[in-house]
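Open the model in your viewer and keep the selection tool at hand. The tour below goes stop by stop.

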Amino acid sequence: QAASPLHPVAVQCQEAQMVVTVHRDLFGTGRLVRAADLTLGPAACRAVGATESAVTFAAGLHECGSVLQMTPDSLIYKTSLSYTPTPAGNLVIVRTSPAVVPIECHYPRRNNVSSNAIRPTWAPFRSTLSSEEKLAFSLRLMNDDWSAERLSNGFQLGESLHFQADVNSKNHVPLRLFVDECVATLTPDKNSSPRYALIDLSGCLVDGRSDETTSVFLSPRPRQETLQFVVDVFKFAKDDRNLIYITCHLKVSPAEQPPNSLNKACFFNKASSLWVPVEGTGDICSCCETGHCHLQG
């Protein structure tokens, strides 16, 4: 997207370089930042161009101290844009805060190519794999009225997190989505400590069992391939970090298959003091209280 007050930093990931455009109204306050106060990467590379409204950086993928991360499917080049305000005019004070904007460029490691010298009549491996073995899952933070994805991931204690899990069931039999588990940690490693389970035991929203919380699944669902739930905002005790990672495991079952103790969405109803399912019979939630969820028979 073009750099604008609504999207103050824009990145173009080109074949051999990244181009970063910074709107000079970086904070949306009308106070323009100076090009000299902006740098790219640990090497503090300077801008290659500046106008009255924008500042432009261009750097090779390996330049300016960028870091390469390799995943099974992608090459990820990571760097950051730094804004370090310096006094102007009055040498005693500054009127803006420093800022660091993480920047990533992702490049797929795999693709189908063809010289067009031969024209096979079978489907390429990649298209066959995507249609037969892969499902497109998503987990998004939504606005309070569920009308759109939330633009900010910053919250205050006392607010609520609105999660929406989806699966694209196009080209598949009708599917019903479940959230098997969700765990909160202070690092991207879901097995790190401390860790706090929001959803556990194959679909029990255990966070809502506490007296001081109102966390629930929304019922009924808007559609079978979507599941929405609300969790009260929290932070880890005795830890000053204010960034929390939430990792969830999503799964599906055929929509025609009745929910059971391993495929369920159960939450604790404070009014009745009972575990209740979004769909299915109440007995599938009994294991949320006992802590031993498995298929009967």
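Two strands count as paired if DSSP finds at least two bridges between them. With that cut-off in mind, select S10 and S14: they pair in the antiparallel sense over seven bridges. At one of these bridges, Ser160 has Asp232 in S14 as its partner. Keep in mind throughout that this is a predicted model.

**Overview**

Zoom out for a moment. The protein has 297 residues, and 36% of them count as buried. Its secondary structure comes to two helices and 17 strands. Take the contacts with a separation of 6 or more: residues 24 or more positions apart account for 58% of them.

**Stop 1: strand S10**

Go back to S10 and color it by accessibility. Seven of its nine residues are buried, so the strand is mostly covered. Now add strand S9, residues 136–141. S9 and S10 pair in the antiparallel sense over six bridges. To find the register, select Leu139, which stands opposite Ala165 in S10.

**Stop 2: the largest core**

Which residues have the most contacts inside the largest nonpolar core? Select Val179, Ile199, Phe217, Leu227 and Phe229. The core has 23 residues in total. Four elements give two or more residues to this core: strand S10 (160–168), strand S11 (175–185), strand S12 (195–199) and strand S14 (226–232).

Another core lies apart from this one. That core has 19 residues, among them Leu38, Leu81, Ala99 and Ile103.

Stay with Phe217 and show its contacts. Beyond four places in sequence, Phe217 touches Ile199, Gly203, Leu205, Leu227, Gln228, Phe229, Ala265, Cys266, Phe267 and Val278.

**Stop 3: aromatic rings**

Show the aromatic side chains. How many aromatic pairs does a search of the whole structure find? There are seven. Select Phe163 and Phe229 as one pair. The ring centres are 5.0 Å apart, with 20° between the planes, and the pair is stacked. Phe163 belongs to strand S10 and Phe229 to strand S14. The pair links distant parts of the chain, 66 residues apart. Both Phe163 and Phe229 are buried.

Next, select Phe234 and Phe236. Their ring centres lie 6.4 Å apart and their planes stand at 75°, so this pair is edge-to-face. Phe234 and Phe236 are buried.

Add Phe217 to the first pair. Phe163, Phe217 and Phe229 form one aromatic cluster.

**Stop 4: charges over rings**

Select Arg150 and Phe155. Arg150 lies over the face of Phe155, at 3.9 Å from the ring centre. Then jump to Arg209, which lies over the face of Phe268 at 4.1 Å from the ring centre.

**Stop 5: Thr185**

Thr185 is found in strand S11. Is Thr185 buried or exposed? Its relative accessible area is 0%, so Thr185 is buried. Measure from its side chain to the backbone oxygen of Thr187: the distance is 2.6 Å. Now expand the selection, skipping neighbours within four places in sequence. Thr185 is in contact with Lys190, Ser192, Pro194, Arg195, Phe236, Ile244 and Tyr245. Phe236 in that list is a partner in the edge-to-face pair of stop 3.

**Stop 6: the four-stranded sheet**

Move to an open sheet of four strands. In what order do the strands run? The order is S1-S2-S5-S4, and the pairing is antiparallel. Strand S1 (9–13) and strand S4 (49–50) are the edge strands; each pairs on one side only. S1 and strand S2 (residues 17–23) pair over five bridges. Select Cys13 for a bridge here: its partner in S2 is Met18.

**Stop 7: Phe57**

Finish on strand S5, residues 54–60, and select Phe57 within that strand. Phe57 has a relative accessible area of 1%, under the 20% cut-off, so Phe57 is buried. Leaving out residues up to four places away in sequence, Phe57 touches Met18, Val19, Val20, Val22, Leu38, Thr39, Leu40, Cys45, Arg46, Ala47, Val48 and Leu81. Leu38 and Leu81 are also among the residues of the 19-residue core. For a last distance, take the C-alpha atoms of Phe57 and Leu40: 7.4 Å separates them, and the two residues are 17 apart along the chain.

Methods:
Residues are numbered from 1 along each chain as its sequence is written. This is a predicted model: local features need pLDDT of at least 70, side-chain atom pairs count only at pLDDT 80 or more; totals for chains, interfaces and linings use all residues. Side-chain values use heavy atoms; hydrogens and water are left out. Buried means under 20% relative accessible area, exposed over 50%, partly exposed in between (1.4 Å probe, protein chains only). Contact means heavy atoms within 4.5 Å. A nonpolar core is a set of buried Ala, Val, Leu, Ile, Met, Phe, Trp, Tyr and Cys residues joined through side-chain atoms within 4.5 Å. Rings of Phe, Tyr and Trp (its six-membered ring) pair if their centres lie within 6.5 Å; planes under 30 degrees apart count as stacked, over 60 as edge-to-face and the rest as tilted. A charge sits over a ring if NZ of Lys or CZ of Arg is within 6 Å of the ring centre and within 35 degrees of the ring normal. A polar contact is a pair of N or O atoms within 3.5 Å; within protein, one must be able to donate a hydrogen and the other to accept it, and residues adjacent in sequence count only if both atoms are side-chain atoms.
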